[in-house]
Amino acid sequence: MIVITAPTGNIGSHLLSLLLESAPAHEEQLRVVVRDPARLPDAVRDLVEVITGSHGDAEVVDRAFEGADAVFWLVPPDASLTPEDAYCGFTRPAAKALVAHGVGHVVGVSALGRGTSVAHRAGLVTASLAMDDLIAGTGVAYRALAGPSFFENLLEDADSIRETGVFTDAIDADCKAPRVAVADIAAVAADLLRNRSWSGNDSVPVLGPQNLSPNDLAHIMTEQLGRPVRYERQPLDELYTDLLGYRLNEAFAQGVVDMKRAKNEGLDAGVTRTPATVSPTTFQHWCAQTLKPAVLSGGARHAR
């Protein structure tokens, strides 16, 4: 029995599709935890057991983890909370349920940065790493999928790219860093959940095929979209003001700013790209398959 949290999200939906393909051959049952089962495709609801509710709720995870062998854990950050509450506070009921039900393996979505000099002041990433420690402290075998920024974050700029040819971030224009497609994160998660021969606790970096700067992204988008695209860097104080304007919790908004500052200072540069850490989807391919249709069709939304 594999339990999948956040199965309608960008990573979870990819993962659920992969596991549905392989579950019969591996004699696995699938159980999902979802707030709104109507968001699951009809065909999927017929193939999985559905637990309705939030996986931050103690009663929900108690039901969800009963009889489970493995859990896919993804926290949907709640911007109305502090970073600590959004990650560790949300996860504490699940940590207790993992112990109570003797769950053997957990694969979680986390972030790069552990072991770097800025990990302790990286805002949301610092909170995510603390969540990893909380899960590892339960005694389960745990693998934290340590990812950089997602290609999919650029979908937030689809309207701006279409209308003005501009995308923004708070990262130095020439700061090269790993970036990854969510489908690659899901593929690594699926492999770990299907083949549970691993033990202990560790991070599994998923780095994408190459380091790219915002200026690199602009150049590739210009080629793939067939129109000029340029990058504009947003000052961190302006980002903070904008986030407060969206009614984010002040501490959460500061957590976003601190994360961006840490990324500029090498947060994502602590892991060497090797055959074991590289993932296959190139930014060029992602642009052609995902960003270009979103820009041409009126945009799409994704947040991380």
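The overall dimensions of the chain, its nonpolar cores and the surroundings of one buried tyrosine are described below for a predicted model.

The chain contains 11 helices and 12 strands. Its radius of gyration is 19 Å, close to the 19 Å that the globule rule gives for 304 residues, so the chain is as compact as a globular protein of that length. The C-alpha trace spans about 55 × 40 × 40 Å along its principal axes. Buried residues make up 51% of the 304 in the chain. Among contacts with a separation of 6 or more, 78% are accounted for by residues 24 or more positions apart.

The exposed surface of the chain amounts to about 13,400 Å², of which carbon and sulfur atoms supply 50%. Negative side chains number 38 and positive side chains 26, with the centres of the two sets 2 Å apart.

In soluble globular proteins, nonpolar side chains tend to be buried together. In the present model the largest nonpolar core comprises 46 residues, and the members that touch the most others are Phe-65, Trp-73, Leu-98, Val-106, Met-131 and Ile-135. Two or more residues are given to this core by each of the helices H3 (58–65), H4 (83–100), H5 (124–136), H9 (236–245) and H10 (250–264), and by each of the strands E4 (70–73), E5 (105–111) and E6 (141–147). Helix H4 provides the largest share, seven residues. With neighbours within four places in sequence left aside, the contacts of Leu-98 are Phe-65, Val-71, Val-103, Val-106, Ile-135, Thr-138 and Val-140. A second core, separate from the largest one, consists of 33 residues, including Leu-19, Leu-30, Ala-141 and Val-180.

Strand E6 also holds Tyr-142. The relative accessible area of Tyr-142 is 2%, under the 20% limit, and the residue is therefore classed as buried. Tyr-142 and His-105 are separated by 37 residues in sequence, but their C-alpha atoms are 5.9 Å apart in space. Again leaving aside neighbours within four places in sequence, Tyr-142 is in contact with Val-106, Val-107 and Gly-108, with Met-131, Asp-132, Ile-135 and Ala-136, and with Trp-198, Gly-200, Asn-201 and Asp-202. Of these partners, Val-106, Met-131 and Ile-135 are among the residues that touch the most other members of the largest core. Val-106 and Ile-135 are also contacts of Leu-98.

Note on methods:
Residues are numbered from 1 along each chain as its sequence is written. This is a predicted model: local features need pLDDT of at least 70, side-chain atom pairs count only at pLDDT 80 or more; totals for chains, interfaces and linings use all residues. Side-chain values use heavy atoms; hydrogens and water are left out. A nonpolar core is a set of buried Ala, Val, Leu, Ile, Met, Phe, Trp, Tyr and Cys residues joined through side-chain atoms within 4.5 Å. Buried means under 20% relative accessible area, exposed over 50%, partly exposed in between (1.4 Å probe, protein chains only). Helices (H or I, at least four residues) and strands (E, at least two) are DSSP runs, numbered from the N terminus. Contact means heavy atoms within 4.5 Å. The radius of gyration is taken over C-alpha atoms; the globule rule is 2.2 Å times the number of residues to the power 0.38. Accessible areas come from the Shrake-Rupley method with a 1.4 Å probe; for residues, only the protein chains shown count as cover. Lys and Arg count as positive and Asp and Glu as negative; His and the chain ends are not counted. The place of a charge is taken as NZ of Lys, CZ of Arg, CG of Asp or CD of Glu.
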